Amino acid sequence: LKLAGKKLSDAKIVLLGAVAANTTIARLIIADGGDPAKMILFDTKGGLHAGRSDIEQDPRNYRKWELCQKTNPGRVTTEAEALKGADVLIALSTPGPDTVKREWIRSMAPKAIVFVCANPVPEIWPYAAKEEGAFIVATGRGDFPNQVNNSVCFPGILKGALLVRARKITDGMAIRCSHSIADFSAKRGINPEDIIAKMDETEVFAVEAADVAMQAIKEGVARVELRWDEVYPRATADIAARRKLAAAL
């Protein structure tokens, strides 16, 4: 969004797939300032909205029902309609390459952001999304530009939580980890083909760990209080030791 010159609070966001990953992503985006009225999620039966009695009646879907009540006030039911003028698509759904249609991408807003994260085949090939006007395309794969998956997050967020003996990982800690990755990436330079730190940029994990640890302390869930400049070198040393051990195996 920074590269596209847009704000999270203004962005129209469509999420394709509504199981654990994308419902959590939607919840965290809202917690971080996204406007739920500008968000639409889709499951296998169509758009989520307050009229989805099938979701309301199933207690296992309480997270989805929470999002039904907050998002998609216009009760949009098709992906084609939802993506008209959308700024962002986040797809964690059925592997493609035609799960997401070319014409859907073509109908999105200028400088559209397309995250198609199904593996092993993204919902649309990155080159096809680019040909239809997407500004930034990311996938879950390391052999395409812009790999976005949880491998860039987990080492840091877990290390930070463990070093301060956090009682749990809160939404605030997850959001802080996201901002930590974004800030680190921006400082070393980003462009539409390189929006996020890669797995071999191991310093990002130590930075994440320190930032997440500080958030845990701030929220009162840490059993041990450390300073940022205490967590960072410890995380850096632990990462270096593990990498050395792995290289020797």
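The legends below describe close-up views of a predicted model.

**View 1. The open sheet and the order of its strands.** Six strands, written here as 6 strands, form an open sheet in the order S3-S2-S1-S4-S5-S6, and the pairing within this sheet is mixed. Strand S3 (46-47) and strand S6 (136-139) are the edge strands, each of which pairs on one side only. Helix H1 (residues 20-31) packs on the sheet, where it touches strand S1 (13-16), strand S2 (39-43) and strand S4 (88-91), and the direction of H1 makes about 170 degrees with that of S2.

**View 2. Pairing of S5 with S6, and the two faces of S6.** Strands of a sheet pair through backbone hydrogen bonds, in either a parallel or an antiparallel manner. S5 and S6 pair in the parallel sense, over 4 bridges, and Val116 has Thr139 in S6 as its bridge partner. Both faces of S6 are covered, with Ile136 and Ala138 buried on one side and Val137 and Thr139 buried on the other.

**View 3. The surroundings of Ile113 in strand S5.** Ile113 lies in strand S5, which spans residues 113-116. Because its relative accessibility is 5%, under the 20% cut-off, Ile113 counts as buried. When residues up to four places away in sequence are not counted, Ile113 touches Leu1, Ala4, Asp87, Val88, Leu89, Met108 and Ile136; the last of these, Ile136, is itself one of the buried residues of S6. Ala134 is 21 residues apart from Ile113 in sequence, yet the two are 6.2 Å apart in space, taken from C-alpha to C-alpha.

**View 4. Helix H7 and the helices packed against it.** The buried residues in H7 include Gly156, Ile157, Gly160, Ala161 and Leu163. The buried residues of this helix pack against H8, helix H9 (203-218) and helix H10 (228-248). Just after H7, Arg165 takes a positive phi of about 50 degrees.

**View 5. A nonpolar surface patch that includes Ile169.** Phe154, Leu158, Leu162 and Ile169 together make a nonpolar surface patch of about 400 Å². Ile169 is found in the loop between helix H7 (154-163) and helix H8 (171-188). With a relative accessible area of 42%, which falls between the 20% and 50% cut-offs, Ile169 is therefore partly exposed.

Conventions:
Residues numbered from 1 in each chain as written. Predicted model: local features only at pLDDT ≥ 70, side-chain atom pairs only at ≥ 80, totals over all residues. Heavy atoms only, no water. Buried < 20%, exposed > 50% of the residue type's maximum accessible area, 1.4 Å probe, protein only. Contact = heavy atoms within 4.5 Å. Patch = residues over 30% accessible without salt bridge, like charges linked within 9 Å, V, L, I, M, F, W, Y side chains within 5 Å. Areas by Shrake-Rupley, 256 points an atom, 1.4 Å probe, with all protein chains shown as cover. Salt bridge = Lys/Arg side-chain N within 4 Å of Asp/Glu carboxyl O. Pairing = 2+ DSSP bridges. Axes fitted to C-alpha atoms, helices over the stretch in contact; angles between N-to-C directions.
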